[in-house]
Amino acid sequence: MNKSQLIELASSVRNSAYTPYSKFKVGAAVLMKSGKIYTGCNIENAAYPVTICAERVAIFKAISEGEYDFDQLAVVADTDRPVPPCGSCRQVLSEFLHADTFIHTSNLEHDVKTVTMEELLPFSFHASDMNRTKND
Ligand SMILES: O=c1ccn([C@H]2C[C@H](O)[C@@H](CO)O2)c(=O)[nH]1
Ligand SMILES: [Zn+2]
């Protein structure tokens, strides 16, 4: 499974997106080190903030199967530039992806921008930061 195939898979699961409110469909596919793949699409809700993004669905599907060894992630939307993951997703991704893990963001024309987790969310908050408390 190469980068283009992962992007293609993300484009196809994008068709399952449940987006009656925004009409903005997003697809994601994550390749595990084992070779397994988990896909996700965004799923909206009448209570708008309960909506979950495609990236988080894909990651959470892997986690729920006990899989933590992420290799690379692809995210696709029908945009004029590669779709940038939202801030909430960046925080969730940073919990599970290594700093040097690649995230391919793309549109349907395969304009791809690949960034590492560290580039996507620099200076991010991790569990280890809670061990750095100084005065209490
Ligand atoms: O990277 C992104 C950006 C947005 N969305 C979804 C959330 C919502 O359903 C719609 C509009 O924000 O797009 C994603 O799934 N991933
Ligand atoms: Zn998001």
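Q: Two strands pair if DSSP finds at least two bridges between them. In this predicted model, what makes strand 4 and strand 5 a pair?
A: Strand 4 covers residues 102-107 and strand 5 covers residues 112-116, with five bridges between them. Set that against the cut-off of at least two bridges, and they pair, so the label holds. The sense is antiparallel. As one example, phenylalanine 102 has threonine 116 in strand 5 as its bridge partner.

Q: What sits between the strands of the hairpin of strand 4 and strand 5?
A: Four residues separate the two strands there. Keep an eye on histidine 110 in this hairpin, since its phi is positive, near 65°.

Q: How do you know that strand 3 pairs with strand 4, and in which sense do they run?
A: Same test: strand 3 (residues 70-77) is joined to strand 4 by six bridges, and the rule asks for at least two. They run parallel. Here alanine 74 stands opposite histidine 104 of strand 4.

Q: Why is the pairing in the sheet called mixed?
A: Strand 3 and strand 4 are parallel, while strand 4 and strand 5 are antiparallel. Both senses turn up, and the sheet of five strands, ordered 2-1-3-4-5, is indeed listed with mixed pairing.

Q: What makes strand 2 and strand 5 edge strands?
A: Strand 2 (37-41) and strand 5 each have a single partner strand, so one side of each has no neighbour in the sheet. From one strand to the next, the twist averages 15°.

Q: Which strands does helix 1 lie across?
A: Helix 1 (residues 3-13) lies across strand 1 (26-32), strand 2, strand 3, strand 4 and strand 5. Its direction is at about 140° to strand 1. Along the sequence the pattern reads α-β-β-α-β-α-β-β-α, made of four helices and five strands.

Q: How do you know that the chain agrees with a compact globule?
A: For 136 residues the globule rule gives a radius of gyration near 14 Å; the chain comes out at 15 Å, so the two agree. The C-alpha atoms fill a box of roughly 50 × 35 × 30 Å along the principal axes.

Q: Which residues come nearest to ligand 1, and what classes make up the shell?
A: There are 15 residues around ligand 1, with Ser22, Val26, Asn42, Cys53 and Ala54 nearest. By class the shell has nine nonpolar, four polar and two charged residues.

Note on methods:
Residues are numbered from 1 along each chain as its sequence is written. Chains are lettered from A and ligands numbered from 1 in the order in which they are written. This is a predicted model: local features need pLDDT of at least 70, side-chain atom pairs count only at pLDDT 80 or more; totals for chains, interfaces and linings use all residues. A residue is near a molecule or strand if its C-beta atom, placed from the backbone, lies within 6 Å of it. Ala, Val, Leu, Ile, Met, Phe, Trp, Tyr, Cys and Pro count as nonpolar, Asp, Glu, Lys and Arg as charged, and the others, Gly among them, as polar. Axes are lines fitted to C-alpha atoms, for helices over the stretch in contact, and angles run from 0 to 180 degrees between N-to-C directions. Two residues are in contact if their C-beta atoms, placed from the backbone, lie within 7 Å. The radius of gyration is taken over C-alpha atoms; the globule rule is 2.2 Å times the number of residues to the power 0.38.
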